[in-house]
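Q: Please take a close look at one helix of this protein. I would like to know what covers it and how its ends are built.

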Amino acid sequence: MANLETTYLGLELKNPIIVGSSGLTNSVSEIIELEQAGAGAIVLKSIFEEEILMEYQHIVEKSNDKYDSMAEYFDYLDYRIKQDKITAYIDLIKEVKAQVSIPVIASINCSTNAEWAFFAKKIEEAGADALEINVYFLPTDMSKRAEDFEKMYFDIVTKVRAETTLPIALKLGSYFTNMASFVRKISETGIYGVVLFNRFYSPDFDLKNQSVITGHVFSSPDEYFLPLRWVSVLSNRVSCDIAASGGIHDGNSMIKMLLAGADAVQVVSAIYKNGREKIGQMLIQLDAWMDENEYQYISEFKGKLSQSASTNPAIYERVQFMKYYSDRV
């Protein structure tokens, strides 16, 4: 049997499957079952800055007129909501750490750089093994330059790193003017890892009712092509670990990410669709493939098909289907 161990964010994982931040990782009982199913690590369901801000706004809008001029009341309300959310999250970290032996990565989903640095220290004190910062700014403000949006990421990382010694991973969206340059620069800030890529809410249209609805929530198996390309391009060229995320629905797509140079993979949709037993099935595929190819350790093939290891690196940068279509003319 092959050795499936890997290292991610300085943490020793028994295998490269990390259950990503989701409803699957929101309770102690669920996380215990994920560990029993074979998960190498879990990322706790994110605490959302946006959710806290919306709750505060909702209460403010419903507040009695007598509070309209009481700034102290609203300051207290803001503080109270944050404290309640944070206390519940800290309690979850402590309870999970007491029940499982696999690494527990906390997660913050933030939309500004103002409020979250102080929370990182509390997460560290609660016993989390690492912290994943889930950041995505939709660049719809036409008055801002690409550099303005990118600076927000650096500001968040700088503030959080000043508050904690925990290993930090940054979960990124796929929309950057120069992805390679940005990830290289952000990797040099002292973060331990990047997760490629964040899957975010997308709207869809209901044609019958002519209204806006939620698009597909789960990823599809063919979505792995995008992270596969970028993991391949960035492997061995950035100063941090890389975790692949998006479209990883079976052992084969996981193996491809490892060949591209990923240190670990995050899986969510495949577990939602197929149950926790999918983790074990993926690990069986990985073990069988390694045995077939006479690999004892993941390190023996990790990054073997990355761009930096390729004799034809240009193939990773091709964006047109010239060969595909010319063969069919």
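A: Here is a walk along helix H8, followed by the wider setting.

This is a predicted model, where local features need pLDDT of at least 70, side-chain atom pairs count only at pLDDT 80 or more, and totals for chains, interfaces and linings use all residues. Residues are numbered from 1 along each chain as its sequence is written, and side-chain values use heavy atoms, with hydrogens and water left out.

H8 spans residues 251–260 and is mostly covered, with 8 of its 10 residues buried. Buried means under 20% relative accessible area (1.4 Å probe, protein chains only). Helices are DSSP runs of H or I with at least four residues, strands are E runs of at least two, and both are numbered from the N terminus.

The buried residues are Gly 251, Ser 253, Met 254, Ile 255, Met 257, Leu 258, Leu 259 and Ala 260. Their cover includes two helices, H7 (225–234) and H10 (277–292). It also includes strands S3 (17–19), S12 (241–245) and S13 (264–267).

Now the ends. At the start of H8, a side-chain oxygen of Asp 250 comes to within 3.2 Å of the backbone nitrogen of Asn 252. This is a polar contact (N or O atoms within 3.5 Å, one able to donate a hydrogen and the other to accept it; residues adjacent in sequence count only if both atoms are side-chain atoms). After H8 comes Gly 261, with a positive phi near 125 degrees.

Finally, the setting. The protein has 11 helices and 13 strands. Of its 329 residues, 46% are buried.

Notes:
Buried means under 20% relative accessible area, exposed over 50%, partly exposed in between (1.4 Å probe, protein chains only). Contact means heavy atoms within 4.5 Å.
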